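Biologist: Could you put the model up and take me through the terms you keep using for it?

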Amino acid sequence: MSNIPSDLKYTKSHEWVRVTGNTAAIGITDHAQAELTDIVFVELPEAGRAVKAGDTCAVVESVKTASDIYAPLSGEILESNKSVVDSPALANTEPYGGGWFFKIKLSNPAEVNSLMSPEQYKAQVGG
Amino acid sequence: MLKRTALFSAHQKQGARLIDFGGWEMPVQYSGLMAEHLAVRKAAGIFDISHMGEVTVSGPGAEAFLNWVLTNDIRKLVPGEGQYTLMCNERGGVVDDLYAYKLSAEVYLLIINASRTAADTAWMTALWEEFPRRDEVNLHDTSHNYSAVAVQGPKVKDFIADCFPNVSCAAMRVERVTDLKKNQIAEFHFENGGVLISRTGYTGEDGFEIVGEDGMIRHVWKKILEKGEPFGIKACGLGARDTLRTEVCYPLYGHELDEETTPMEAGLGFFVSLDKGEFIGRKVLAEQKAHGTKKKLVAFKMADKSAPPRAHYPIWAGGKAVGVVTSGTQSPSLGAGIGMGYVPPEVAKQHPIEIEIRGKHFPAVIVPKPIYRKSP
């Protein structure tokens with residue numbers, strides 16, 4: 001059973017989104033980290049980069065595989081999490097906390113409405 | 001429909017994640033690749049290797065036939081001994097790498113790769129038809145008769161004799177299973193039948209491989225997990241098997257070896273006996289031994305922090321793409337990116353190289369094999 005906090009939004013590709021005013025913090029879900037298993041490398045976008053919803057903008061690698069991470073929303077990268085780059089295992093141990101990936105300053109906040117609710121995401125992962 | 005081993009339901013019960021491996025539905029991991037890998041390095045792990053193929057070759061002409069088909073000198077074996085060897089085509093390319101065991105004067109058991117079972121048996125049958133003494137050689141693919149497990153790790157010797165407490169009854173004669181030396185094989189009574197146990201493996205650690213009938217191996221799996229439990233044994237998947245063998249630079253067919261690559265190029269010349277007489281591929285292999293090869297398998301370690309190197313990533317040196325990674329991973333034992341790949345011989349001598357990862361170049365150094373060496 002994976003943990004799906006009720007105060008977050010989700011994507012089909014297993015990112016979580018925490019919207020605060022005009023900015024959104026993004027990470028990977030507990031389900032995603034469990035599927036990936038031991039995460040050994042995280043590559044995050046530079047601050048200032050413009051991203052469109054659906055763009056590949058980060059990579060997370062376990063011992064076995066590399067997986068792309070997509071920008072769930074459009075905007076500009078405000079900040080990336082240096083701690084998870086230095087200690088990739090944080091994405092396994094604290095997927096919704098210390099293991100966050102990056103923050104976006106939203107250019108089109110209406111896109112938030114197209115994200116999945118916790119219930120919808122739960123139905124997708126069969127949690 | 002994927003093939004399933006006799007241990008399939010055991011894997012499901014233990015919560016294994018299953019993948020398609022060469023047409024077999026196999027566990028890639030149970031508790032987690034990293035933990036399984038480290039269990040084998042520090043304590044013990046058990047692997048289902050039932051997907052591997054078994055071929056028996058017997059009869060008065062078996063020795064001469066195998067010495068013509070395989071690269072190593074099979075005449076070095078006494079009953080109860082095995083050797084790593086290769087099967088080549090006329091171009092010296094590797095059809096498969098395998099273990100050949102001599103069970104008795106005229107009976108040999110070959111353990112071959114799952115993904116190569118069909119290719120190997122087709123090639124051996126074709127050669128058998130050409131072999132002048134074929135009437136004295138019986139060739140049987142017995143893969144469907146057998147299941148197998150590997151038990152690997154420094155603690156295995158402390159509990160394996162509790163699982164098989166008897167003296168051996170065929171092949172190598174030993175008082176206890178732990179008296180087997182590296183590459184030796186013997187049959188032991190187990191419940192109301194027998195199993196073949198060899199002191200071999202694919203992890204770089206001490207350990208044993210056990211071959212037997214399906215029902216027998218189900219009981220062996222259970223018994224080993226039970227006796228190994230106080231020693232920290234873990235059920236391990238193909239994920240850990242791959243990172244363990246990569247750390248010690250054991251080749252994997254389809255990665256380091258294929259029909260266009262020779263044992264000399266792969267650094268396996270030790271297992272090619274050029275002076276034993278005529279054998280398939282000898283001409284090309286002797287030529288390469290004398291004059292060198294165009295490519296050479298090297299092991300490397302990433303110099304700085306980077307994403308893990310992976311198979312098919314380009315290798316660069318002196319501003320040119322010079323080769324390709326054949327296997328690469330984050331080494332759980334070393335905490336660094338490691339891998340193997342083919343480069344021209346002049347690059348193999350010059351140690352700094354670069355690995356291209358998603359368009360960027362990262363420095364790496366060529367290191368001696370094995371990349372990881374177990375502590376004595």
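Modeller: What follows is a run through chain B, term by term.

Modeller: Ground rules first: this is a predicted model, where local features need pLDDT of at least 70, side-chain atom pairs count only at pLDDT 80 or more, and totals for chains, interfaces and linings use all residues. Residues are numbered from 1 along each chain as its sequence is written, and chains are lettered from A and ligands numbered from 1 in the order in which they are written.

Biologist: What makes helix 7 of chain B "mostly covered"?

Modeller: A residue is called buried if 20 or more other C-beta atoms, placed from the backbone, lie within 10 Å of its own (exposed if 12 or fewer, partly exposed in between). In helix 7 of chain B, 9 of the 10 residues are buried, so by that definition the helix is mostly covered. Among them are Leu238(B), Arg241(B), Asp242(B) and Glu247(B). Just after this helix, Cys249(B) has a positive phi of about 65 degrees.

Biologist: How do you know that both faces of strand 9 of chain B are covered?

Modeller: In a regular strand, side chains alternate between the two faces of the sheet. On one side sit Ser147(B), Val149(B) and Val151(B), on the other Ala148(B), Ala150(B) and Gln152(B), and all are buried. That is 6 of 6 residues for strand 9 (147–152) of chain B.

Biologist: Why is strand 9 of chain B said to pair with strand 13 of chain B?

Modeller: Strands (E, at least two residues) and helices (H or I, at least four) are DSSP runs numbered from the N terminus, and two strands pair if DSSP finds at least two bridges between them. Strand 9 and strand 13 (207–212) of chain B share 6 bridges, antiparallel, so they pair. Ala150(B), for instance, has Glu209(B) as its bridge partner. Strand 3 (45–48) of chain B also joins strand 9 of chain B, antiparallel, by 4 bridges, with Gly45(B) opposite Gln152(B).

Biologist: Why do strand 5 and strand 8 of chain B stand at the edges?

Modeller: Chain B has an open antiparallel sheet of 5 strands in the order 5-6-7-4-8. Strand 5 (81–88) and strand 8 (138–141) of chain B each have a single partner strand, so one side of each lacks a neighbour in the sheet. The twist averages 25 degrees from one strand to the next. Inside that order, strand 4 (53–58) and strand 7 (107–112) of chain B pair antiparallel over 6 bridges, and Glu54(B) stands opposite Ile111(B).

Biologist: What makes you say that helix 4 of chain B packs on the sheet?

Modeller: Contact is the test: C-beta atoms, placed from the backbone, within 7 Å. Helix 4 (117–130) of chain B touches strand 4, strand 5, strand 6, strand 7 and strand 8, and its direction makes about 165 degrees with that of strand 8. Such angles run from 0 to 180 degrees between N-to-C directions, with axes fitted to C-alpha atoms, for helices over the stretch in contact.

Biologist: Which domains does chain B have?

Modeller: Domain 1 (8–49 + 146–246), domain 2 (53–143) and domain 3 (294–376), with bounds from an automatic or database domain assignment. The C-alpha centres of domain 1 and domain 3 of chain B lie 31 Å apart. Their contact takes 8 residues from domain 1 and 9 residues from domain 3.

Biologist: And how many residues does the contact between chain B and chain A take?

Modeller: That one takes 11 residues from chain B and 10 residues from chain A.

How values were computed: Contact = placed C-beta atoms within 7 Å.
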